[in-house]
Each structure stands twice: as structure tokens, then as C-alpha cells.
Amino acid sequence: MSDHVEDFLTPSEEQEVIEAIRIAELNTSGEIRVHIEKTSKGDATNRALELFHVLKMDNTKLQNAVLIYVAVDDKTFVIYGDKGINDVVSNNFWDSTKDIIQSHFKIGNFKQGLVEGIIKSGEQLKKYFPYTDLDTNELTNEISKG
């Protein structure tokens with residue numbers, strides 16, 4: 001695995017991931033973001049929660065934002081959903097999405113793991129947070145980096 005966050009995805013792969021977010025968000029009023037950094041410097045879930053606030057992802061109207069957080073050197077990732085999602089979904093809601101991402105990451109296929117994980121997230125969120133004509137894109141689809 002590359003030591004550098006910049007090498008994790010090529011610019012064109014990054015665009016594919018951003019496009020996947022756009023497509024996924026056509027299914028749901030939920031907001032999906034990806035954050036990539038070298039290391040979580042400790043507990044990845046705590047870091048994901050911290051970034052969730054830093055990126056102002058806790059400001060969505062329905063509290064239905066999702067952060068896919070990747071710590072490259074730690075070889076770990078976290079899917080962090082806001083309160084609005086966690087209040088209505090089962091505990092294992094994200095398991096299938098995690099499995100998809102994990103299976104691709106294991107073989108070094110990072111872009112594909114993120115793209116498929118994002119699309120799956122959108123499909124899953126659709127049931128609880130369907131897209132409506134009144135829906136606005138509340139958060140940027142750009143990938144943030146640490």
C-alpha cells in the first residue's frame with residue numbers, strides 16, 4: 001500500500017469516486033463524503049467522528065450524512081453515519097457496504113472499493129431517506145484529505 005495519501009487514488013480515479021457520490025445521492029436525501037488521510041493516530045472511529053464535526057457533516061437537516069473515512073497507512077476504514085440514520089437502521093446496516101469495500105481494498109483495488117461502497121450506501125439509504133425533488137446537495141461531493 002502506498003505511503004502517500006496522494007497516491008491512494010489517481011486524479012481520474014478520484015473523479016470516478018466523486019461521480020459515484022453524485023449518482024448515489026440521486027437515490028437518497030442522505031449525504032455521502034469520503035475523507036482520506038495517512039493515519040488516524042489512534043482509534044479510527046474516534047477520528048471519523050472528529051472529522052464528521054470538522055467537515056460540518058452534522059449540520060444536515062435530517063441528520064443523514066455518512067462519512068467513509070480511510071486511514072491509508074493504518075490499512076483501515078470506517079463508515080460513520082449520523083444520528084438520523086442510526087436511529088432508524090439496524091445495527092448491522094453498514095455490514096454489507098463494509099464487506100464490499102473490504103474485499104476490494106484487500107486486493108489493492110481502492111477506487112473500486114470506494115465506488116461500489118458509495119453506490120451501495122446510496123441504495124441502502126434510499127429506503128429510509130428517499131430522494132425528493134426538494135432535496136438539495138447540502139455537502140460537497142469532493143474528497144477531503146488529511
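The following questions and answers walk through a predicted model, from its sheet to its salt bridges and its largest pocket.

In this predicted model, local features need pLDDT of at least 70 and side-chain atom pairs count only at pLDDT 80 or more, while totals for chains, interfaces and linings use all residues. Residues are numbered from 1 along each chain as its sequence is written, and side-chain values use heavy atoms, with hydrogens and water left out.

Student: Which strands stand at the edges of the open sheet?
Tutor: Strands here are DSSP runs of E with at least two residues, and helices are runs of H or I with at least four, both numbered from the N terminus; two strands pair if DSSP finds at least two bridges between them. The four strands follow the order β3-β2-β1-β4, with mixed pairing. Each edge strand has a single partner, so one side of each is left without a neighbour in the sheet, and these strands are β3 (76-81) and β4 (144-145).

Student: What is the bridge partner of His35 in β4?
Tutor: Strand β1, residues 31-37, pairs with β4 in the parallel sense over two bridges. Within β4, the residue bridged to His35 is Ser144.

Student: What angle does the direction of helix α3 make with that of β2?
Tutor: Helix α3 (residues 44-54) packs on the sheet and touches β1, β2 (65-71) and β3, where contact means heavy atoms within 4.5 Å. Axes are lines fitted to C-alpha atoms, for helices over the stretch in contact, and angles run from 0 to 180 degrees between N-to-C directions. On that basis, the angle between α3 and β2 is about 130°.

Student: Is Asn64 buried or exposed?
Tutor: Asn64 lies in the loop between α3 and β2, and, leaving aside residues up to four places away in sequence, Asn64 touches Ser29, Gly30, Glu31, Asp82, Ile85 and Phe129. Buried means under 20% relative accessible area, exposed over 50%, and partly exposed in between, with a 1.4 Å probe and protein chains only. With a relative accessible area of 1%, Asn64 is buried.

Student: How many residues apart in sequence are the parts that Lys145 and Glu14 tie together?
Tutor: The side chains of Lys145 and Glu14 meet in a salt bridge at 2.8 Å, N to O, a salt bridge being a side-chain nitrogen of Lys or Arg within 4 Å of a carboxyl oxygen of Asp or Glu. Lys145 is partly exposed at 31% relative accessible area, whereas Glu14 is buried at 16%. Because Lys145 lies in strand β4 and Glu14 in helix α2 (residues 11-24), the distance in sequence is 131 residues.

Student: Which residues are joined into one network by salt bridges that share partners?
Tutor: The structure holds seven salt bridges, among them one between Asp87 and Lys83, with the closest N and O atoms 2.6 Å apart. Another links Glu50 with Arg47 at 3.0 Å, and these two residues are three apart in helix α3, about one helical turn. The network formed through shared partners consists of Glu37, Arg47 and Glu50.

Student: Which element gives the most to the lining of the largest pocket?
Tutor: The largest pocket holds about 190 Å³ of space and is lined by 13 residues, with Ile79, Asn86, Asn91, Trp94 and Lys98 nearest its centre. On a 1 Å grid over the protein atoms alone, a pocket is an open set of points where a 1.4 Å probe fits, with protein on both sides within 12 Å along at least five of seven lines, and lining residues have an atom within 4 Å of a point; the volume is the space filled by probe spheres set on the points, which are joined across faces, edges and corners. Two elements, β3 and α5 (95-106), each supply at least two lining residues, and the one giving the most, with four residues, is β3.
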